[in-house]
Amino acid sequence: MQVEGNGEESGITNRRFALPVDAENKSTTFRLFSFAKPHMRAFHLSWFQFFCCFVSTFAAPPLLPVIRENLNLTATDIGNAGIASVSGSVFARLVMGTACDLFGPRLASAALTLSTAPAVYYTAGIKSPIGFIMVRFFAGFSLATFVSTQFWMSSMFSGPVVGSANGIAAGWGNLGGGATQLIMPLVFSVIQGAGATKFTAWRIAFFIPGLFQTFSAFAVLVFGQDLPDGDYWAMHRSGEKQKDDVSKVIRHGITNYRGWITALAYGYCFGVELTIDNIIAEYFFDRFHLKLQTAGIIAASFGLANFFARPGGGIFSDLMARRFGMRGRLWAWWIVQTTGGVLCALLGQIDSLTLSIVVMLIFSVFVQAACGLTFGVVPFISRRSLGVVSGMTGAGGNVGAVLTQLIFFKGSTYARETGITLMGIMAIACSLPICLIYFPQWGGMFCGPSSKKVTEEEYYLSEWSDKEKENEFTSH
Amino acid sequence: MAIHTFFFVLLLIFSLIQSSSRAAKGRLFTDLENSLEVTAKPVKDGVVLEGGKDVVKITWKLKSLAKVDAHATFKRITVKLCYAPISQVDRPWRKTHNEISKDKSCPYEIVSKPYDMTPQSLDWIIEPDIPSGTYFVSVYGIDGNGHKVAYGQSSDDRRTTNLFTVQAISGCHVLLDIASICFSVFSIVFLLVVFVKEKRKAKLEQRR
């Protein structure tokens, strides 16, 4: 179906798009199996690049039983490396939003991916625990491509479908954390079979995620474009977008208490997911005396649930909103995330392998759906500072992972199984603040909308002062 | 109705956990008799041994005061490499456990052969995939059912004497380092080239 979009500036007229578009040339539909330029192509390029970054960031955990012997790592070293792998992108996620604003998501994301690829390649040459911690730290920065993915999808897809586009892109990217647990042990055994010793085979294996990461960035640069009408710099849209005061945007973002609650809650669904990606293969290997490949397959099934669980969470949020509005979104989010916490606490207590796998699978669906449900609420918290609130929430996810690994999975203070149980309990506790989120126009979990009858428009306009509203009005 | 199903499932899961945690207790180390005399001496004394190169001379024989009737009971002898306590610090995957099936302190089997009542000796070349660490050697007597019935070790009870240290191969290779550098440089150069191209394109558009 070919629809003519409205060509706007730079003399570009009569552009033809494969998908139906709105006035801004954003696609109004989402066709999963299409690679049509520019919308669906952008979707596939961006989720694949994010997927490759996840594969690289979590490439070490499934091979830890071999790496820890080669580098003589202690449990403390492993814990520190796990923390390092997720802490770099706390800062990177906060900065990525601004980078996308300045350079466009195509250049910003490819720049990050290409500049962190050397850390993955260099993993092949490390000789000490410090080297291990450093490569995991720098490779982990690439997880900030989450922000560019969401930004790019929001530029390409319009309202009714942007939730699905964002949810599927995020979910399929997170899939990398599961896929890597399958890929790395497999690559390792193939290389070992070809004759390499154990301690050389794991090093060669790291070239696979490195090459995929580089290749995905190439594809984004060569085949992608920032906006339906072209690229950022080429288009130079200074006249189109009202320039907002960056400091005011940031201030409105960080003074909105709801953004802090979503950041904390995301820290205990996405943060839990990142922590599990880091520890689960070693946990199954050590506790149940499994082979490396078997532990990898079980660990992978946790992350692979992202294929449907995270998008499913987003879709479920939209479904609840249709029947119960924002209160439905909040209730669904709190129940799903708390159930995830309960299952996590249970997982650590189980001695049987079969039961552990079953509980882990159910737990993975709940925790990943909770991530999808989080971003069902985030877009509504602020219009003016959407980027800041999204960035805070995204960064909060990584902070949760850092804190959890610091408290429960560093060194030998807690046995791994105890750590998993305590993490579940902490997730239950940190999901409680969701009950405090209140929108005057829609209500909260336990309270109805305000008796003052605040409208949606009034809520979002309250982010602008009267003077700013006047300036907006007079400048047109 | 959904609540009832939910609680039933929860109850089922809890009862399964209870039953699985009351698993049967396995055989213990303390049940084994120390009836084998073992020595393990590196051919190069007083230095750190290299994996894949150096040799350790291992000998074992039945103690004269052994209580167990070895000739009747032992069918096989297994010689294992075990971690000394210093290599187990902050490494729970190498922990010593009294329950034999849960013990992880002796993961490497040096040799396993049928029992021979004469004193045995072996010149063992340290395998290349043995990690860096401090070790001693344990020998186990295994009965017809495959169970360990007796043991001996080259160190004392506290595992602090007669230890030897191994330095593993690093696994690093010059070719790998060169490949890393090449791919990394290629990635960064491609990025810079694209940035320069985009900036030029933007300048051209601005001039139009």
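**Exercise 1. A charged pair across the interface**

In this predicted model, R106(A) forms a salt bridge with E198(B). Determine how far apart the closest N and O atoms of R106(A) and E198(B) are, and state which elements the pair joins.

*Solution.*
Step 1. The closest N and O atoms of R106(A) and E198(B) are 2.9 Å apart. The rule for a salt bridge requires a side-chain nitrogen of Lys or Arg within 4 Å of a carboxyl oxygen of Asp or Glu, and the pair R106(A) and E198(B) is listed as such a bridge.
Step 2. In general, side chains of opposite charge can pair when their charged atoms come close.
Step 3. Over all chains, the structure holds nine salt bridges. R106(A) belongs to helix α4 (residues 105-122) of chain A and E198(B) to helix α3 of chain B, so this pair joins two chains.
Step 4. Across the interface of chain B and chain A, the rule finds two salt bridges.

**Exercise 2. Extent and composition of the interface**

Describe how much area chain B and chain A bury between them, and which elements of chain B give two or more residues to the side that touches chain A.

*Solution.*
Step 1. The contact takes 53 residues from chain A and 45 residues from chain B.
Step 2. Between them, the two chains bury about 4000 Å², of which 68% is on carbon and sulfur atoms.
Step 3. Within chain B, the residues that lose the most area to chain A are D90(B), W93(B) and L176(B), which together account for 15% of what that side buries.
Step 4. Turning to polar interactions, 14 residue pairs are in polar contact across the interface of chain B and chain A, both residues being at pLDDT 80 or more.
Step 5. Two elements, α1 (2-21) and α3 (174-207) of chain B, give two or more residues to the side that touches chain A. The largest share, 19 residues, comes from α3(B).
Step 6. By residue class, the side of chain B that touches chain A divides into 25 nonpolar, 10 polar and 10 charged residues.

**Exercise 3. The disulfide**

Identify the disulfide of the structure and establish its handedness.

*Solution.*
Step 1. Over all chains, the structure holds one disulfide. C82(B) and C106(B) form a disulfide in which the sulfur atoms are 2.0 Å apart.
Step 2. The torsion about the S-S bond of C82(B) and C106(B) is about 105°, so the disulfide is right-handed.
Step 3. C82(B) is placed in strand β5 of chain B, and C106(B) in the loop between β5 and β6 (108-114) of chain B; therefore the pair ties together parts that are 24 residues apart in sequence.

**Exercise 4. Backbone geometry in chain A**

Locate P38(A) and N72(A), and give the backbone torsion reported for each.

*Solution.*
Step 1. K37(A) and P38(A) are joined by a cis peptide bond, with omega about -10°. P38(A) is in the loop between β2 (16-17) and α1 (39-57) of chain A.
Step 2. N72(A) has phi near 55°, a positive value in a residue other than glycine. N72(A) lies in the loop between α2 (64-70) and α3 (75-103) of chain A.

**Exercise 5. Confidence**

Assess the confidence scores of the model and of its chains, and point out where pLDDT is below 50.

*Solution.*
Step 1. The model scores ipTM 0.82 and pTM 0.85.
Step 2. Chain A has a mean pLDDT of 88, with 93% of its residues at 70 or more. In chain A, pLDDT stays under 50 over residues 1-14, for which the model has 33 contacts beyond four places in sequence. The pLDDT is also below 50 over residues 236-242 of chain A, a stretch with nine contacts beyond near neighbours in sequence.
Step 3. Chain B averages a pLDDT of 84, and 85% of its residues score at least 70. Among its elements, strand β5 (residues 76-83) has the highest mean pLDDT (93) and α1(B) the lowest (56). Residues 17-24 of chain B have pLDDT below 50, and this stretch has seven contacts beyond near neighbours in sequence.

Technical notes:
Residues numbered from 1 in each chain as written. Chains lettered and ligands numbered in written order. Heavy atoms only, no water. Contact = heavy atoms within 4.5 Å. Buried area = accessible area lost by both parts, 1.4 Å probe. Polar contact = N/O pair within 3.5 Å; in protein donor to acceptor, adjacent residues only side chain to side chain. Helix = DSSP H or I, 4+ residues; strand = E, 2+ residues; numbered from the N terminus. Nonpolar A, V, L, I, M, F, W, Y, C, P; charged D, E, K, R; others polar. pLDDT = per-residue confidence, 0-100. Disulfide = S-S within 2.5 Å.
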